[in-house]
Number of protein chains: 2
Amino acid sequence: MTTYSRRTFIEQIGWGVGGVMASPSLVAMAQEQANVFDGKKLTIALCGLGRYANVLKGGIAASQFCRLAGIVTGTPAKAAQWKKEYGLPDKNSYTYQNFDQIANNPDIDAVYITLPNGLHKEFTLRAAKAGKHVIVEKPMAFTEKDCQEMIDACQKAGVQLAVGYRLHYDPHHIELKRLGQQKVFGQVRLIEASLGYRLDGISPDDWHLKKAMAGGGPLMNLGVYCVQSSRYVLGEEPTAVTAQFGPVTMPHLFKEVEENITWQLHFPSGAICTSSCTSNCNIDRFFASADEGYFELEPALSYGPFKGRTSQAAFTFPVVNQQAAQIDDIARHILSNNPLPAHISGVEGRKDMRVLEGIYKAATSGQKVKLV
Amino acid sequence: MTTYSRRTFIEQIGWGVGGVMASPSLVAMAQEQANVFDGKKLTIALCGLGRYANVLKGGIAASQFCRLAGIVTGTPAKAAQWKKEYGLPDKNSYTYQNFDQIANNPDIDAVYITLPNGLHKEFTLRAAKAGKHVIVEKPMAFTEKDCQEMIDACQKAGVQLAVGYRLHYDPHHIELKRLGQQKVFGQVRLIEASLGYRLDGISPDDWHLKKAMAGGGPLMNLGVYCVQSSRYVLGEEPTAVTAQFGPVTMPHLFKEVEENITWQLHFPSGAICTSSCTSNCNIDRFFASADEGYFELEPALSYGPFKGRTSQAAFTFPVVNQQAAQIDDIARHILSNNPLPAHISGVEGRKDMRVLEGIYKAATSGQKVKLV
């Protein structure tokens, strides 16, 4: 089993990763790039200080071009703690009520929304209205229509809209895209991509279990990663979907949202992607079979570290801080006044949402649902 | 990563493997057992000298308690070649027409049917009528009803009926059963088990592509392995199934049978098994997620060699000749006048067939099909 060379890696990963890696040449590249922006960093306000905000703060700390400059929270104790930890002035700390005043705060360039899913749309619209760039976590919203509304609002306000697509910046996933789209092993025919975490210890009051806040169960919270991986490995949009809800094994928890779901996406090339998303067990794997070989990751869709294998060789790239790489790329585009690449923008989020809506429709109706 | 000990392996595999392994203690055990049978071997006539008969002949050669004693073929050239290779007398070589005369041949104890699927039932009935024990390849027949007819015929004739379940004798699968049924990692929640071979080079005239001979596409030819693995890992019978035919990408080949199919089995415990069987790409994997860990094989369902992994350790057992181990165990039971274990008998084949029929019914109707 061989491992791909660093040179190959650098060529693939490009500039985006910056100093996240301990490579002298990449540090030099990042330094050069820092000079391009005159040392300016994208200043971010984290909106919603839950679990993922605590992951993201590590990403911001590890980034080259971003700085945590503000917070939005409904919990005074969290506000106090974060302000102390980051030396933030009181004026850069907002509640959900006074959030709109952020419009008058020149310290903040962008708002990163890590609120429960059900609040993504509202706060995207409010951030856009306040003239701030928006990074919103996945799933972008609950419907394709809501995604379009968010895209339109940001366009109207002249701000950029990114979705939190961290995996696009992991070299293992960049490699998956290359292997699939460049047909390195020929046409991909079958993908299996599944993600799940056992939530038996979760509080019955957790927002992930509430329809109004989560929009759904594991499909809403994890499904985007499976759908995304199949879409970017194939470089195609699915045309039809069948889907099935699984049984409820923890009825005290899963009263409002599905505990697990399986689905099958059909693509124009004839490729199929089968997936499971579940809250009753741990699963984290991606496999693609193509005409002349296969490629896979396991772990595959979590925060890593990932392990890759093709029918010819193992591949394990350096561990990248996914969040740091992601926000640095967003910052590069915003700081240089360039539009965000489509594949990390609201347009991409809307495409995913169309698929997620179709999966729910197929699972609910028991019918095959056309997606185009 | 640790590997399981030989002692553990021997305890699990038991006597069945005989001298297939190069272990002095096992050779001694086999020798002892050979004495029990007074040196007698189960004499087998291979019925249908296609691809799988050529695999099986290696199994017979490697076995301790079996001997190739006859052949049944419609091709004179094959008859000549096999007779020469094995020194078989003319009287032990049959055609499909004069096959029933095998009733008068004391040289043959059992008939191993490796004919196209569509002939399994007919030749099982004829072999039983001739007073010969029957080993029939999977899929046992085309319907549950046909399987019952075959079981009844063998019972009436006082002969035993085995199905070619080679994987029950591979130590990796014995380990899967142990891990699942003994809940070593807790209750299994989700299984992914898929098997496929790309058949783009196959002749359009091959019987595997003909509905009358194959009974179906990859579900009939490969699906039993996926269904079996989920059934024996869980130790449960599925209660419902949903299924979907995939697109046809090679229409010049797949005019009569499906090119690929996906399905989801639901089990009483709440566990789900999702599977794909396909003729348009290679796939060969098994994964089970349980409450406190996972276990997987890849390759998983082919002839091996297999590689196993749990959430705690890798496991790779010695390579076993699956066919030799299988027929030796069948021989041990028949030579000692003991009934075959249910899990390799016609009853097991009938259970699988119920599931396969349900999968086709679900895929054809688009409806969830109850199996009990």
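A salt bridge is a side-chain nitrogen of Lys or Arg within 4 Å of a carboxyl oxygen of Asp or Glu. The model is predicted, so that local features need pLDDT of at least 70 and side-chain atom pairs count only at pLDDT 80 or more, while totals for chains, interfaces and linings use all residues. Residues are numbered from 1 along each chain as its sequence is written, and side-chain values use heavy atoms, with hydrogens and water left out.

**Exercise 1.** Find how many salt bridges cross the interface of chain B and chain A, and examine one that involves B:Asp291.

*Solution.* The rule finds eight salt bridges across this interface. In one of them, B:Asp291 pairs with A:Arg198, and their closest N and O atoms lie 3.5 Å apart.

**Exercise 2.** Describe the extent of the interface between chain B and chain A, in residues and in area.

*Solution.* Begin with contact, which means heavy atoms within 4.5 Å: 34 residues of chain B touch 34 residues of chain A. Next take the buried area (the accessible area, with a 1.4 Å probe, that two parts lose on being put together, summed over both), which is about 2800 Å², with carbon and sulfur atoms giving 51%. Finally, on the side of chain B, the residues that lose the most area to chain A are B:Arg189, B:Glu192 and B:Arg285, together 19% of what that side buries.

**Exercise 3.** State the classes of the residues on the side of chain B that touches chain A.

*Solution.* Ala, Val, Leu, Ile, Met, Phe, Trp, Tyr, Cys and Pro count as nonpolar, Asp, Glu, Lys and Arg as charged, and the others, Gly among them, as polar. By this scheme, that side has seven nonpolar, 19 polar and eight charged residues.

How values were computed:
Chains lettered and ligands numbered in written order.
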